[in-house]
Structures are given as structure tokens and as C-alpha cells.
Amino acid sequence: MARKTPPKATAVAVLTPPPWSTADAAHMAAWFASLTNERRLSTHTRAAYRRDLVAFGDWARTVGINAFGGFDTQHIRAYAAASHRGGLDPRSIQRRLSSLRTFFNYLIREGQLQRNPAVDVAAPKAARRLPEAIDVDRMARLLDGAAPSGANPSPLDARDGAMMELFYSSGLRLAELVGLDLPDLDLCDQTVRVTGKGGKTRIVPVGSKACSACQAWLSIRGTVAKADARAVFVGRNGQRIGTRAVQLRVARWARLRGLDVHVHPHLFRHSFATHLLESSHDLRGVQEMLGHANLSTTQIYTHLDFQHLAKVYDAAHPRARRRKD
């Protein structure tokens with residue numbers, strides 16, 4: 001009995017359009033390059049943009065559009081709605097739409113589009129999340145425990161103490177700290193020059209304890225760093241330390257000190273802003289030190305300050321206390 005010829009593959013896969021036309025794929029590649037060369041965005045931010053464009057391409061495939069010029073506002077609204085139905089939270093949808101707006105603006109600049117179809121599309125309203133911060137006592141417990149003691153501190157311990165003191169002293173982002181080069185840190189002037197988001201540079205004060213910790217690290221940095229290493233903070237390989245290594249070392253110190261909260265690099269920045277605002281009430285000054293482009297971004301820390309005051313009021317004011325039944 002003759003063997004049956006297997007059925008031919010269906011043409012569904014053939015009919016499915018590629019994500020983008022060849023020309024649009026080239027524009028997208030050029031845009032990704034501009035994020036590095038022109039805007040000097042961090043690796044993390046560039047990766048987020050790339051994920052967002054890939055997700056949009058996956059959706060575009062389902063509606064049969066493979067050219068960026070083929071989208072209108074209704075398409076983008078449909079994409080946002082599909083993302084929401086798929087279980088994506090409002091903040092992630094906001095980020096996806098922001099990525100699309102940024103890319104479409106690039107296409108307009110390059111003369112490929114006349115208008116931005118994503119400009120009037122809003123994501124579902126997201127609940128405002130307040131940043132985490134730890135109190136001054138627990139921060140002191142962490143930093144005092146990590147600070148190197150004795151005449152011959154371990155190079156890695158000295159480095160970790162300097163990194164955490166600088167995080168808290170100057171409110172640095174993780175990418176800003178690992179990106180520091182030796183000329184950026186001026187311990188005589190007690191300042192650090194930071195290159196933040198979008199390649200913007202700011203000068204931030206460095207506290208006396210952070211200066212001492214950095215000096216302790218720099219005095220023994222040469223025992224770890226390669227001769228050509230320019231980075232202030234280096235890893236075991238003698239080259240610039242990576243972001244993941246910093247996260248792991250910070251978490252290690254928190255465990256060693258018995259802290260009951262998840263400690264991560266950005267927690268130092270949140271705590272820096274919260275504690276400084278509680279003491280100074282200078283919102284503009286905190287904005288400049290954090291490197292925020294908009295004051296509204298910094299204002300979220302006033303909510304943390306109010307929460308703290310509300311707790312004190314509820315605990316102390318005789319008319320605020322709840323009577324026990």
C-alpha cells in the first residue's frame with residue numbers, strides 16, 4: 001500500500017506579514033542607535049524601549065499592518081486596550097505608549113511621518129505608588145555596619161562602604177554610580193559630577209562620612225583595579241563594577257545587618273530624598289540634587305513626608321487617637 005503524501009503546510013504562516021517593512025526596520029535600527037549616540041540613555045532604558053517596540057510589532061502582526069505609516073490614533077487606542085485585556089498593568093501600558101510616542105516623534109523628525117498617532121492616546125489611570133524609604137536609624141545601622149574598620153580593611157568591604165555612603169549622601173541612581181570615573185569625584189571640594197538621564201550633568205555635594213569612606217576605598221583601590229581602569233568602583237576583575245554586582249552586594253550587607261526590609265540601590269536614593277526633604281523642606285533644592293527634569297517627579301516625596309507627619313499626629317494628638325471600645 002502506497003504511503004500517503006503528507007498534507008501541504010497551510011499558507012497561514014506565509015500570509016502573516018513580517019513585523020515591519022524593510023525601510024521601517026532600518027528606521028527603527030537608526031532610532032535605537034540614536035538612543036545611545038544622541039540621547040545617551042542607559043542600557044536598561046534602551047532595553048525597555050526595545051521590548052516595547054517588539055511588543056507593538058507582535059500586536060501589529062495580528063492586525064496585518066507592517067508599516068509605521070499605516071497606523072492612526074484608533075489603532076493605537078486598540079493596542080492599548082488589547083494590552084489592558086491581556087493583563088498588563090496601567091503603568092506598563094503608559095510606558096509602552098510613551099515608547100511609541102518617542103519613536104513616532106523620531107520618524108516625524110526624519111520626515112517619515114506627518115503626525116504622531118500615539119500623541120492623544122492615554123493609558124488607564126494608574127494608582128500612584130509611593131517610593132519606599134527606610135528611617136534614619138536603620139540607614140545608620142546599615143552604613144555603620146558596612147563601613148570598614150581597622151587599619152587594613154578588606155578592599156571589597158571598603159568599596160561597598162564607599163558605594164553605599166555615596167548612594168545615600170548624594171542620592172545617586174545605580175547607573176550614575178557605576179558610571180563614575182575618577183575625575184568625577186572631587187573629595188577636596190566634597191562634590192561629585194554625575195551624568196544622569198539624557199546625558200545631563202549635575203554637581204552634587206558629598207557628605208563628610210561619604211568622603212571618608214571614598215578616601216578609604218581609593219587608598220586601596222589600586223590593589224584591585226586594572227592599571228587602565230577609569231571607573232571609581234571596580235569589581236573583582238579590576239574593571240568597572242556592574243549594576244547586578246552592586247545590587248547583590250547591597251543586599252548582602254542588609255542581610256548581615258539584620259534589616260527587616262528589602263534593601264536595593266534605589267532605596268538609598270528614596271531615603272536620601274525623603275530625609276533631606278523632611279529636614280529642609282526645600283523641594284527645588286532636592287529636585288536639583290536628584291536631577292529631576294520636572295518638579296512633579298520630586299513632589300511625590302512630599303507625600304511620604306505627609307504620611308510620616310500623619311502617623312505622628314495620629315499617635316500623639318489627643319483628639320486624633322481612636323478610643324478603644
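Q: What is the handedness of the crossing of H7 and H9, left-handed or right-handed?
A: This is a predicted model, where local features need pLDDT of at least 70, side-chain atom pairs need pLDDT 80 or more, and totals for chains, interfaces and linings use all residues. Residues are numbered from 1 along each chain as its sequence is written, and side-chain values use heavy atoms, without hydrogens or water. H7 and H9 are DSSP runs (H or I, at least four residues), numbered from the N terminus. Their crossing (anticlockwise turn of the near helix from the far one by less than a right angle) is left-handed.

Q: How are H7 and H9 oriented to each other, roughly parallel or roughly antiparallel?
A: Helix H7 (residues 155-170) and helix H9 (residues 208-220) have axes 8 Å apart, at an angle of about 150°. These axes are lines fitted to C-alpha atoms over the stretch in contact, with angles from 0 to 180 degrees between N-to-C directions. With over 145 degrees as the cut-off, H7 and H9 are therefore roughly antiparallel.

Q: How are the rings of Trp-59 and Tyr-79 arranged, stacked or tilted?
A: Rings pair if their centres lie within 6.5 Å (six-membered ring for Trp), and planes under 30 degrees apart are stacked, over 60 edge-to-face, the rest tilted. Here the centres are 5.4 Å apart and the planes stand at 55°, so the pair of Trp-59 and Tyr-79 is tilted.

Q: How many residues apart in sequence are the parts that Trp-59 and Tyr-79 tie together?
A: Both Trp-59 and Tyr-79 are buried (under 20% relative accessible area, 1.4 Å probe, protein chains only). Trp-59 lies in helix H3 and Tyr-79 in helix H4, so the parts they tie together are apart in sequence by 20 residues.

Note on methods: Helix = DSSP H or I, 4+ residues; strand = E, 2+ residues; numbered from the N terminus. Parallel < 35°, antiparallel > 145°, perpendicular 65-115°, else oblique. Buried < 20%, exposed > 50% of the residue type's maximum accessible area, 1.4 Å probe, protein only.
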